[in-house]
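Here is a friendly note for anyone opening this structure for the first time. Please keep the viewer at hand and follow the numbered points in turn.

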Amino acid sequence: LSAAPLVRDSIMIVATLHGEVQAVNLSNGKRIGYVVLESAIAGTPVLDGGFLVVPLAAKTESLVCYDLREGKRAWVFPAGPIESSPLLLEGSIYVTTLEGNLICINRASGMEQWRFTTSDEERHKPTRSTPATDGVNIFFGSDEGTIYAINRSSGQLAWKYRGRSGI
């Protein structure tokens, strides 16, 4: 395991670096669901009702929304490699990528709402930190030590702070 298990309603969801997602009944320890995805999972998935959003380290199909009731994918978003956990807030998924992006995606449709890039393509700042929020801004740090505050509605930079080491 690379990320914390997700526990909800007596079920534990575990994601692995082998690309496996397993659902385990906490009362008896029995597996009640299992799916293998294309790539390693370094972050903890998020659960929204009957939908599980899983971050993958793959470059192409890197964010998968899995419909737990139907047992199939609802949508796939090509965010770029992800080594963090997504943030779910009011119907939007916020995810950071190794390509230096913070992307806001509509949870229901899988459509991109906006994208913030830490710098130009030649000097992108890989991001492994999981986004956090105060309800107004989305905060995350980059490997080169900058903390960013991005307005969650517009995707515009509110402020940034340059630290001394990677975050």
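1. Please start at Arg128, which forms a salt bridge with Asp143; the closest N and O atoms are 1.9 Å apart. This pair links distant parts of the chain, with Arg128 in the loop between S12 and S13 and Asp143 in the loop between strand S14 (137–141) and strand S15 (146–151), 15 residues apart. Asp143 is partly exposed because its relative accessible area is 27%. Arg128 also counts as partly exposed, at 39% relative accessibility. Do keep in mind that you are looking at a predicted model.

2. Which other side chain meets that of Arg128 in a salt bridge? It is the side chain of Glu83, and the N to O distance is 3.1 Å. Distant parts of the chain are linked here too: Glu83 sits in the loop between S8 and strand S9 (87–89), while Arg128 belongs to the loop between strand S12 (112–117) and strand S13 (132–133), 45 residues apart. With a relative accessibility of 30%, Glu83 counts as partly exposed. As general background, side chains of opposite charge can pair when their charged atoms come close.

3. How many salt bridges are there in the whole structure? A search finds eight. One of them joins the side chains of Arg73 and Glu38, at 2.4 Å from N to O. Arg73 lies in strand S8 and Glu38 in the loop between strand S4 (31–36) and S5, so this pair ties together parts of the chain that are 35 residues apart in sequence. Both partners are partly exposed: the relative accessible area is 30% for Arg73 and 47% for Glu38. Glu61 joins the picture as well, since a network of salt bridges links Glu38, Glu61 and Arg73.

4. Strand S8, the home of Arg73, also belongs to an open sheet. Four strands form this sheet, in the order S5-S6-S7-S8, and their pairing is antiparallel. At the edges are strand S5 (46–48) and strand S8 (72–77), each of which pairs on one side only. On average, neighbouring strands of the sheet are turned by 20° against each other, direction ignored. For a closer look, follow strand S7 (residues 63–67), which pairs with S8 in the antiparallel sense over five bridges. Within that pairing, Leu63 stands opposite Phe77 in S8. If you are checking the side chains as you go, it helps to know that in a regular strand they alternate between the two faces of the sheet.

5. Another antiparallel pairing is worth a visit. Strand S11 (residues 101–106) and S12 pair over five bridges. Ile103 has Arg115 in S12 as its bridge partner. The hairpin of S11 and S12 has five residues between the strands, and there Gly110 takes a positive phi near 80°.

6. Which residues have a positive phi although they are not glycines? Please look at Asp9, with a phi of about 50°, and at Ser10, with a phi of about 65°. For context, most residues other than glycine have a negative phi. Asp9 is placed in the loop between strand S1 (6–8) and strand S2 (11–15), and Ser10 lies in the loop between S1 and S2 as well. Asp9 is exposed because its relative accessible area is 66%, whereas Ser10 counts as partly exposed at 46%.

7. Is Ala3, in the segment before S1, buried or exposed? Ala3 counts as buried, because its relative accessibility is 17% and the cut-off for buried is under 20%. Leaving aside residues up to four places away in sequence, Ala3 touches Ala42, Gly43 and Thr44. You can also compare its position with that of Ser85: the two residues are 82 apart along the chain, and their C-alpha atoms are separated by 8.1 Å.

Key
Residues numbered from 1 in each chain as written. Predicted model: local features only at pLDDT ≥ 70, side-chain atom pairs only at ≥ 80, totals over all residues. Heavy atoms only, no water. Pairing = 2+ DSSP bridges. Helix = DSSP H or I, 4+ residues; strand = E, 2+ residues; numbered from the N terminus. Axes fitted to C-alpha atoms, helices over the stretch in contact; angles between N-to-C directions. Buried < 20%, exposed > 50% of the residue type's maximum accessible area, 1.4 Å probe, protein only. Salt bridge = Lys/Arg side-chain N within 4 Å of Asp/Glu carboxyl O. Contact = heavy atoms within 4.5 Å.
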